[in-house]
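This briefing covers side-chain contacts and surface exposure in one protein model. Please look at the sequence and structure below before reading on.

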Amino acid sequence: MPNSLLTCSRRLAVPALALLLAACAHSSTPLLDQRFGDAVRLSMAQQVRHPAAAANRRPADGLDGPSAHAVMQRYRASFAEPNGQAPQPVQFMLGGGSGK
């Protein structure tokens, strides 16, 4: 009796394993797979203000050289001394109730 049960379970195990592997191999989301990554590509494209800007060979209008250099020096110096103010420390009060 136990021998026939073991033989029967072996015979059922092989087709069951084959069905499980076939189910894993079949893609259940073909419509989603076709559009995979579209949201990322759309988001990146929306962040470009003027896509044809690289083809524009006219010089950009703006500041002259010495003025731009002075602006950049002030910008870099602002990180060395941020208005002479030290950042305030973060304080946490734990259990600061009146105890009632």
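## Aromatic pair and surface patch

Y75 is partly exposed, its relative accessible area being 47%. The model is predicted, and the points below follow this residue to its aromatic partner, then turn to the charged side chains.

**Aromatic pair**

- The whole structure was searched for aromatic pairs, and 1 was found.
- The pair consists of Y75 and F79, with ring centres 5.1 Å apart and ring planes at 90°, so the geometry is edge-to-face.
- An angle of 90° falls in that class because planes over 60 degrees apart count as edge-to-face.
- Y75 and F79 are both in helix α4 and 4 residues apart, which means that about one helical turn separates them.
- Helix α4, where F79 is found, covers residues 65–80.

**Exposure and nonpolar patch**

- F79 counts as exposed because its relative accessibility is 58%, and the cut-off for exposed is over 50%.
- Y75, at 47%, is classed as partly exposed, since that class lies between the 20% limit for buried and the 50% limit for exposed.
- Both aromatic residues also belong to a nonpolar surface patch, in which they are joined by M72.
- Together, M72, Y75 and F79 have about 340 Å² of accessible area.

**Salt bridges**

- How many salt bridges does a search of the whole structure find? The search returns 2.
- One of them joins R41 to D38, with an N to O distance of 2.8 Å.
- D38 also forms a salt bridge with R35, where the closest N and O atoms are 3.6 Å apart.
- The distance of 3.6 Å for D38 and R35 qualifies because the cut-off between a side-chain nitrogen and a carboxyl oxygen is 4 Å.
- R35, D38 and R41 are thereby linked in a network of salt bridges.

**Setting of the charged residues**

- R41 and D38 are both part of helix α3, which spans residues 38–46.
- Within helix α3, R41 and D38 are 3 residues apart, about one turn of the helix.
- Is D38 buried, exposed or partly exposed? With a relative accessibility of 29%, D38 counts as partly exposed.
- R35 counts as exposed, because its relative accessibility is 59%.

Methods:
Residues are numbered from 1 along each chain as its sequence is written. This is a predicted model: local features need pLDDT of at least 70, side-chain atom pairs count only at pLDDT 80 or more; totals for chains, interfaces and linings use all residues. Side-chain values use heavy atoms; hydrogens and water are left out. Patches are made of residues with over 30% relative accessible area and no salt bridge: like charges are joined within 9 Å, nonpolar side chains (Val, Leu, Ile, Met, Phe, Trp, Tyr) within 5 Å. Accessible areas come from the Shrake-Rupley method with a 1.4 Å probe; for residues, only the protein chains shown count as cover. Helices (H or I, at least four residues) and strands (E, at least two) are DSSP runs, numbered from the N terminus. Buried means under 20% relative accessible area, exposed over 50%, partly exposed in between (1.4 Å probe, protein chains only). Rings of Phe, Tyr and Trp (its six-membered ring) pair if their centres lie within 6.5 Å; planes under 30 degrees apart count as stacked, over 60 as edge-to-face and the rest as tilted.
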